[in-house]
Amino acid sequence: QVQLVESGGGLVQAGGSLRLSCVASGGIFSIKAMGWYRQPPGKQRELVAAITSGGSTNYADSVKGRFTISRDNAKNTVYLQMNSLKLEDTAIYYCHANLYASTRPEYYDYWGQGTQVAVSS
């Protein structure tokens with residue numbers, strides 16, 4: 001069974017930094033894109049950043065220059081380095097992966113359970 005497990009969330013003061021990690025496991029053959037989405041309180045889930053297996057990246061305008069996404073293909077892991085955090089970055093952050101696993105013979109979207117990031121003034 002495919003699992004995406006996030007870690008690294010927490011409470012941080014504005015201007016601070018956090019690093020999120022997400023490990024994918026469970027009979028995985030291949031991973032295309034991995035990424036991070038977030039859902040602020042009372043709002044819809046939105047893309048934060050994504051990265052392909054080849055290393056191409058895509059960022060939301062609101063985080064460009066502050067957040068950096070990276071991945072370790074050998075470890076099926078994606079990271080999100082978040083610097084200069086702002087109050088509006090407060091949200092639940094979800095890991096996403098489009099991958100092919102033994103339990104489902106097609107590329108499919110999988111999600112983590114989410115990790116809370118809270119930025120205080």
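Strands here are DSSP runs of E with at least two residues, while helices are runs of H or I with at least four, both numbered from the N terminus. With that in hand, welcome to the tour of this predicted model.

**Stop 1: the whole chain**

Start with the protein chain in cartoon view. How many helices and strands are there in the protein chain? You will find zero helices and eleven strands, so the pattern along the sequence reads β-β-β-β-β-β-β-β-β-β-β by these DSSP runs. Now turn the chain along its principal axes: the C-alpha atoms fill a box of roughly 45 × 25 × 20 Å. The radius of gyration is 14 Å, which agrees with the value near 14 Å that a compact globule of 121 residues would have.

Try drawing the contacts next. Of those between residues at least 6 apart in sequence, 56% join residues at least 24 apart.

**Stop 2: the surface**

Switch on the accessible surface, which comes to about 6,300 Å². Carbon and sulfur atoms account for 46% of that surface. Colouring by charge picks out 11 positive and 8 negative side chains, and the centres of these two sets lie 2 Å apart.

**Stop 3: the core**

Now hide the surface and look inside. Buried residues make up 40% of the 121 residues. In soluble globular proteins, nonpolar side chains tend to be buried together. Here, the largest nonpolar core has 32 residues. Select Leu4, Trp36, Leu80, Met82, Tyr93 and Leu99, the residues with the most contacts inside this core.

Then colour the strands that each supply at least two residues of the core: β3 (18-25), β4 (28-39), β5 (46-51), β7 (67-72), β8 (77-82), β9 (91-101) and β11 (115-120). Which strand gives the most to this core? That is β9, with six residues.

**Stop 4: Tyr93**

Stay with the core and centre the view on Tyr93, one of the residues with the most contacts inside it. Leaving aside residues up to four places away in sequence, Tyr93 touches Glu6, Leu20, Trp36, Tyr37, Arg38, Val48, Phe67, Leu80, Met82, Gly114, Thr115 and Val117. Among these neighbours, Trp36, Leu80 and Met82 also appear in the selection from the previous stop.

**Stop 5: Ser56**

Finish at Ser56, in the loop between β5 and β6 (57-59). Is Ser56 buried, partly exposed or exposed? Its relative accessibility is 47%, so Ser56 counts as partly exposed. Show its neighbours: with residues up to four places away in sequence set aside, Ser56 touches Ala50 and Ile51. Last, draw a C-alpha to C-alpha distance from Ser56 to Ile69; the two are 13 residues apart in sequence and 9.9 Å apart in space.

Methods. Residues are numbered from 1 along each chain as its sequence is written. This is a predicted model: local features need pLDDT of at least 70, side-chain atom pairs count only at pLDDT 80 or more; totals for chains, interfaces and linings use all residues. Side-chain values use heavy atoms; hydrogens and water are left out. A nonpolar core is a set of buried Ala, Val, Leu, Ile, Met, Phe, Trp, Tyr and Cys residues joined through side-chain atoms within 4.5 Å. Buried means under 20% relative accessible area, exposed over 50%, partly exposed in between (1.4 Å probe, protein chains only). Contact means heavy atoms within 4.5 Å. The radius of gyration is taken over C-alpha atoms; the globule rule is 2.2 Å times the number of residues to the power 0.38. Accessible areas come from the Shrake-Rupley method with a 1.4 Å probe; for residues, only the protein chains shown count as cover. Lys and Arg count as positive and Asp and Glu as negative; His and the chain ends are not counted. The place of a charge is taken as NZ of Lys, CZ of Arg, CG of Asp or CD of Glu.
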